[in-house]
Amino acid sequence: MKDHFKVIGYYICEINDTPGWLQGISRQILSVSGCIGEQHPRWECFMGGWLKGEAREYQEKLRLNGEQYREFSETANCLFDAQRLDVDCRFLKLSDARDFYEKFCQALPCCVVSISTTMEYYKILLDELKGSNSHALMNGENDNSPCLGNDILGWDIGGFHSFLCNSLQKELPDVRFNDVGLLSNVFSEVEGFMRQIQGKGEPVEWIPCRIGMHGQNAEFDWLTGGGKWEKQG
């Protein structure tokens, strides 16, 4: 049932071309893992660490003028300081993610997604967040959104790895992928895959996660062919 999934948080995810080393999964990929996907705002906006010229390049990518980019950065910093945006670019509130997306991210092929999991894994992750760089924030509400697909994720200090980061799909001959590089297998099957790869790849506790859709822009629809995402019952 939908109400068995508890929301971990919300991301503004950009759809990117699938990296060459993951070819064969899908033409494009969407991920909440910074290793293989891109999320907005970038963590450098509220934590610093820009390399020379990167901030200007990011502003140009977003197609924001100077005043708009200042507002973009100030909003990200305010949300982070208020502990409504975490170190992994994860929003605690759907309303914050939607507002930020609608105001600043329309020039990129983006969508707002939720990540959620069942209570067993939710509790495991909550304990992990408390011992990391995170604000240790999770939402906990029921995820009733259309299902975009599933993933297997593991928390590592300040963000998620996907099982794809180590090409662990090669260990799982029964996995199926959709048009955005997420698992199209049902959640119970994804749980089984998680057990098969536990202890492999990154030194994380792998957990099965549901990725929900909360709105996409025209650029995203154009790249994905305007895919229709089904509700998970």
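**Exercise 1. Sort the residues of helix α4 into a buried set and an exposed set, and say how the buried set is arranged.**

Solution.
Step 1. Start with the exposed side: D99, E102 and K103 of α4 are exposed, on the other side of the helix from its buried residues. The model is predicted.
Step 2. Now collect the buried set. It holds L94, D96, A97, F100, Y101 and F104.
Step 3. Look down the axis of α4. The buried residues fall within an arc of 165 degrees, so they line one face of the helix.
Step 4. Find the cover. The elements over the buried residues of α4 include the helices α2 (54-62) and α3, together with the strands β1 (5-14), β5 (110-118) and β8 (207-216).

**Exercise 2. Describe how α3 and α4 pack, and list the residues that meet.**

Solution.
Step 1. Two values describe a packed helix pair: the angle between the axes and the distance between the axes.
Step 2. Helix α3 spans residues 66-81 and helix α4 spans residues 94-104; their angle is about 170 degrees, and their axes are 11 Å apart.
Step 3. Angles over 145 degrees count as roughly antiparallel. α3 and α4 are therefore roughly antiparallel to each other.
Step 4. List the contacts. From α3 come Q68, E71, F72, T75, A76 and L79; from α4 come D96, F100, K103 and F104.
Step 5. Class them. The contact has five nonpolar, two polar and three charged residues.

**Exercise 3. Place strand β6 among its pairing partners, and decide whether β6 is enclosed or open.**

Solution.
Step 1. Check burial. In β6 (residues 147-155), nine of the nine residues are buried, so the strand is largely enclosed by the rest of the structure.
Step 2. Take β8. β6 pairs with β8 in the antiparallel sense, over six bridges. Here D151 stands opposite C209 in β8.
Step 3. Take β7. This pairing is also antiparallel, with three bridges between β6 and β7. W155 stands opposite F160 in β7.
Step 4. Examine the link. β6 and β7 form a hairpin, with four residues between them. In the turn, I157 has a positive phi of about 65 degrees.

**Exercise 4. Is Q169 buried or exposed, and which residues does Q169 touch?**

Solution.
Step 1. Locate the residue. Q169 sits in the loop between β7 (160-162) and α6 (187-197).
Step 2. Apply the cut-off: buried means under 20% relative accessible area. Q169 has 12% relative accessibility, so Q169 counts as buried.
Step 3. Name the neighbours. Leaving out residues up to four places away in sequence, Q169 touches L22, I25, F163, L164, V175 and F177.

Key:
Residues numbered from 1 in each chain as written. Predicted model: local features only at pLDDT ≥ 70, side-chain atom pairs only at ≥ 80, totals over all residues. Heavy atoms only, no water. Axes fitted to C-alpha atoms, helices over the stretch in contact; angles between N-to-C directions. Helix = DSSP H or I, 4+ residues; strand = E, 2+ residues; numbered from the N terminus. Parallel < 35°, antiparallel > 145°, perpendicular 65-115°, else oblique. Contact = heavy atoms within 4.5 Å. Nonpolar A, V, L, I, M, F, W, Y, C, P; charged D, E, K, R; others polar. Buried < 20%, exposed > 50% of the residue type's maximum accessible area, 1.4 Å probe, protein only. Arc of directions from axis to C-beta. Pairing = 2+ DSSP bridges.
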